[in-house]
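Hi,

Here is the structure you were waiting for. Please open it beside this email and follow along.

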Amino acid sequence: MAVISNYEITRNKMEQEFVRYDQEQMVQRFHLQHTPRHLFIDFVGERYRIDRQTGRVERCLADGSGFVHAGFNESMTIFDVLCCSKPGCHLSGEYATVTNLPGIANISAPGTGTYAETARIFANNCDALRRACERLGGSAQKVGDVSYRIPLFDFMPVILQFWDADEEFDAALKIMWDTNTLDFMRFETTFYAANHLLERLKELKY
């Protein structure tokens, strides 16, 4: 019998909770495509569907041949945005690092973990990062050696900024968030979303 991780347990519990929320409100707020059976949403360049009876989130396979159960980071981000975003939420058009978002204080900036690891992968390989960002629908920006505005969701972009390594400094990567992001998702959810975005960039670098 396969062992179920704590991440899978948490995801599965949230699927059960999802069906208690007002799905028609989700459809109206985020202009979701929908059928009587499913809600559809795009997340980091891929199509997802949510079963309206069970809450199960599934990702469409790249070749379009079917769907697979979405992972923890994907499901939790989608659930948080659809279920817990504030009424009337909207983007400001201004950007900050996640630790500089309004209402956040005394939090260490990421960089020693996933961000730094991803930066090392793309060190001295800016073209690969550009290709990956463009495959996610990114539009080029001006800050850093590589910078793209990338649609996390159709209604919410983030800005990725990358400075390549040189003789003195290691490569560095930032993700910039709209300053109203916490009206759409909780602080901890930004890390789930960022981790999934970085995994997608690594997948698409070739």
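The expected span of a helix is 1.5 Å times one less than its number of residues. Keep that rule in mind for the two helix checks below. One caution before them: this is a predicted model.

Start with helix α6, residues 187-203. Its 17 residues should span 24 Å at 1.5 Å a residue, and the end C-alpha atoms are 25 Å apart, which agrees. Several α6 residues are buried, among them F187, A193, A194, L197, L198 and L201. Polar and charged names are on that list too, including T189, T190, H196, R200 and K202.

Next, helix α3, residues 72-84. Here 13 residues should span 18 Å, and the end C-alpha atoms are 17 Å apart, so expectation and model agree. α3 is mostly covered, with 11 of its 13 residues buried. Those buried residues are F72, E74, S75, M76, T77, I78, F79, D80, V81, L82 and C83.

How do α1 and α3 lie relative to each other, roughly parallel or roughly perpendicular? Their axes come within 10 Å and cross at roughly 30 degrees. Angles under 35 degrees count as roughly parallel, so α1 and α3 are roughly parallel to each other. The crossing is left-handed. From α1 (residues 6-18), the contact uses Y7, T10, R11, M14, E15 and F18. α3 contributes F72, S75, M76, F79, L82 and C83.

Now the strands. β8 (residues 146-153) and β9 pair in the antiparallel sense over 7 bridges. They form a hairpin, with 2 residues between them. F153 has M156 of β9 as its bridge partner. β9 also pairs with β10 (residues 172-178), again antiparallel, over 5 bridges. There, F162 is bridged to L173 of β10. β9 itself, residues 156-163, is mostly covered: 7 of its 8 residues are buried.

Last, one residue to click on: L129, in helix α5 (residues 126-135). Is L129 buried or exposed? Its relative accessibility is 0%, so L129 counts as buried. Which residues does L129 touch, leaving aside those up to four places away in sequence? They are F122, V146, L160, F162 and L201. Three of the elements above meet L129 here: V146 lies within the range of β8, L160 and F162 within that of β9, and L201 within that of α6. T99 is another matter: L129 and T99 are 30 residues apart in sequence and 24 Å apart in space, C-alpha to C-alpha.

Best wishes

Note on methods: Residues are numbered from 1 along each chain as its sequence is written. This is a predicted model: local features need pLDDT of at least 70, side-chain atom pairs count only at pLDDT 80 or more; totals for chains, interfaces and linings use all residues. Side-chain values use heavy atoms; hydrogens and water are left out. Helices (H or I, at least four residues) and strands (E, at least two) are DSSP runs, numbered from the N terminus. Buried means under 20% relative accessible area, exposed over 50%, partly exposed in between (1.4 Å probe, protein chains only). Two strands pair if DSSP finds at least two bridges between them. Axes are lines fitted to C-alpha atoms, for helices over the stretch in contact, and angles run from 0 to 180 degrees between N-to-C directions. Angles under 35 degrees count as roughly parallel, over 145 as roughly antiparallel, 65 to 115 as roughly perpendicular and the rest as oblique. A crossing is left-handed if the near helix is turned anticlockwise from the far one by less than a right angle, and right-handed if clockwise. Contact means heavy atoms within 4.5 Å.
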